[in-house]
Amino acid sequence: MNITELARRLKITPNELKDELPKLGFHIGPRAIQIPDKQARQVIDLYRQKKEKEQALEKAKKKIVQKKEKEEEKEKKEEKIVRISSTIQVYKLAEKLNLPVVTVMNELIKNGVLSSVNENLDYEIAAIVAQNLGFSVEKGEEEEKETGTLVKQKFQQALKSTDKKELRPRAPVVVVMGHVDHGKSSILSAIREIDMISREKGGITQHIGAYSVTKNDHEVTFIDTPGHEAFESMRARGGEVADIATLVISADDKIQPQTLESIKVIQNEGLPFIVAINKIDKPDADVEKIKKELSEINLTPEDWGGKVITIPVSAKTKQGIEDLLEMINLVAEMHKDTLVTNPNGTLIGTVIESYLDHGYGPVATLILYNGTLRRGENVIIDSSYGRIRSIKDQWGKSLESVGASMPVQIFGLKNVPQVGDIVEVVKNNREFKKRIKQIRISAPAIESSQEKEVSKVPQLKVIVRADVLGSLEAIIHSLEKLEHPEVKIKVVKKGLANITESDVDLSQAAHAWIIGFGVDIGASAKQLAHELRLKISLYSVIYDLIQEVKQEINKLLPEEVEEEELGKVEILKVFQHKGKETIAGGKVVHGKVIKNVLARVWAEGGQELKGEGEISQLQVNKRDVDEVKEGSECGMKFVGNVD
Ligand code: GDP
């Protein structure tokens, strides 16, 4: 076979063939122009085998490279994948994303969520925030349980590094939780009354958001948050700051959604708890039925062979209330290892209530876990700061200093801190000034991005005023929950204390509705609102507030269109079709046809929609008419898009 022929068969040049032949084990002279046929066939076989091998190798290499590239890509993606469990606190989310808390908070505001650093976000909102910040989100397992809030974690850390000899016992902080109307507030009042009687001297207690009682020489602090449905967020927070929970279930009712919600908070926080079965004075009270229901959700009462402590009580007759207090003492005794504090340690405490008082300025109720707070000290409370002018207990008595668990009000702050904020004492003056600057810089950044928010859907604008910050937050939280896909609620201003003239001015300018909760209207503001005919609504029951907001939302919903079929016309002939106008003749086969009504055009059989428009003209025998009845023929001008 000619060398050139062989090269052609192998699809290479003769020169390439001459290079290949020795590699395949054939040695022919440089000038040879032919090789024997037998050898040529061997060359062809060997060369093909070699090529196949090379190709296979190449393919394998490619595969490896591709796989590597894919892995690298995946790794890159994984770097940006975050796993988020069903709830996550704002600061935790920031930690996860490795971003400053302010960035996360700004993103939340863009999505209409105003939250504090400690606030728990649902998975849905946390995922949106993370995605908007460029992360892929996966729903993860529940976080390794680091129970409690930032403040509790800080406290636990502080305790770890404390010499055991420094530790002293601390009164338990108790939260009362449960479904609306099951008697939380009544139980809190009953406890307070019993305590006042036992103190003999009576004395007027101030409502500061928490109070301390003494039973058999043991002190117990109760968080006294309002008990209504809308205060869910506050109650959850109560759970976050408390050491022990009391779950109230009414003996004449059953386990209700908020009972389950409270149980979830209790379990999430890992709180020891007692179930108070209330209203046993009522004729239809059935304590055993409640115990049965508890067993059914794996909370089997002690006397049913389980571990859950239940106490039948009546807030009305006060039967069992003393037992409840004794039981709380017992549970505290069981958990005395954690109910400790170092009075000389780092100050760790949190705000449980705050408001603006016209005479005193910003007032905050604190509960400390660690350390001692003294009058005259400089404090930083997340977004607020100040030098403590005075410390008062629940009887309004001034104190020089306060330690763990005793709720106190502090005065002297520059602005109202948020519920849940963490209190720090900064002893060094220079450090204090530096920290104040940081607070001032970070605050406006949040506001400006809030302003940027624009919305296309109809808005219900509101100005909300409430008596205390806790209520205000709870109302805002509930309003957010109410939001309808077709109506947005926009809080144009929120504030504490009575409704002012400037609120009325803003209401006029922004077309916002003023909502007051537990507040009043100043006389001049009232006059102005009356003159401007502006709507101001005052509420003392949050349920009413929410109901009315719901009604307002409904008013803003786009009107629903109801269709009524008048009749059908069969088109017999199309005379003219120009642009949007079609002139046709037809017969009314059913009902009637009226001038200026809307019409749909269907293809024969009524399966395929051809167009929609209006019948703008009707004629019978070339005479204009307004209506044509079944059975008659007519001419029509149809205006609309039709195929
Ligand atoms: P909360 O919403 O859980 O705080 O419930 P409240 O304390 O406001 O009580 C709701 C209603 O139940 C009020 O009308 C109370 O007077 C009533 N109530 C609360 N405790 C008792 C009780 O032990 N016996 C009776 N008969 N009524 C009670």
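**Exercise 1.** In this predicted model, find which strands helix 17 lies across.

Solution. Start by locating helix 17, which covers residues 542–556. Then follow its path: helix 17 lies across strand 22, strand 23, strand 24 and strand 25. Last, take the direction: helix 17 runs at about 165° to strand 24. Angles over 145 degrees count as roughly antiparallel, so helix 17 and strand 24 are roughly antiparallel by that cut-off.

**Exercise 2.** Work out the strand order of the sheet and name its edge strands.

Solution. The sheet is open, has 4 strands and is ordered 23-22-24-25. Its pairing is parallel. The edge strands are strand 23 (488–496) and strand 25 (536–539), each of which pairs on one side only. From one strand to the next, the twist averages 25°.

**Exercise 3.** Describe how strand 22 pairs with strand 23, and find the bridge partner of Arg465 in strand 23.

Solution. Strand 22 spans residues 459–466. Strand 22 pairs with strand 23 in the parallel sense, over 8 bridges. For Arg465, the bridge partner in strand 23 is Gly495.

**Exercise 4.** Identify the strands that helix 14 touches, then describe how helix 14 meets helix 17.

Solution. Helix 14 (residues 469–482) packs on the sheet and touches strand 22, strand 23 and strand 24 (513–517). The direction of helix 14 makes about 175° with that of strand 23.

Next, compare the two helices. The axes of helix 14 and helix 17 come within 11 Å and cross at roughly 35°. The crossing of helix 14 with helix 17 is right-handed.

Now list the contact residues. Helix 14 contributes Ile475, Ser478, Leu479 and Leu482. Helix 17 contributes Ile542, Leu545, Ile546, Val549, Lys550 and Ile553. Sorted by type, the residues of this contact are 8 nonpolar, 1 polar and 1 charged.

**Exercise 5.** Decide whether helix 5 and helix 6 are roughly parallel or roughly perpendicular, and sort their contact residues by type.

Solution. Helix 5 covers residues 101–110 and helix 6 covers residues 123–132. Their axes are 10 Å apart, and the helices pack at an angle of about 110°. Angles of 65 to 115 degrees count as roughly perpendicular; helix 5 and helix 6 are therefore roughly perpendicular to each other. Helix 5 passes helix 6 in a right-handed crossing.

On the side of helix 5, the contact is made by Val104, Glu107 and Leu108. On the side of helix 6, the residues are Ile125, Val129 and Asn132. By type, the residues of this contact divide into 4 nonpolar, 1 polar and 1 charged.

Methods. Residues are numbered from 1 along each chain as its sequence is written. This is a predicted model: local features need pLDDT of at least 70, side-chain atom pairs count only at pLDDT 80 or more; totals for chains, interfaces and linings use all residues. Side-chain values use heavy atoms; hydrogens and water are left out. Two strands pair if DSSP finds at least two bridges between them. Axes are lines fitted to C-alpha atoms, for helices over the stretch in contact, and angles run from 0 to 180 degrees between N-to-C directions. Contact means heavy atoms within 4.5 Å. A crossing is left-handed if the near helix is turned anticlockwise from the far one by less than a right angle, and right-handed if clockwise. Ala, Val, Leu, Ile, Met, Phe, Trp, Tyr, Cys and Pro count as nonpolar, Asp, Glu, Lys and Arg as charged, and the others, Gly among them, as polar. Angles under 35 degrees count as roughly parallel, over 145 as roughly antiparallel, 65 to 115 as roughly perpendicular and the rest as oblique.
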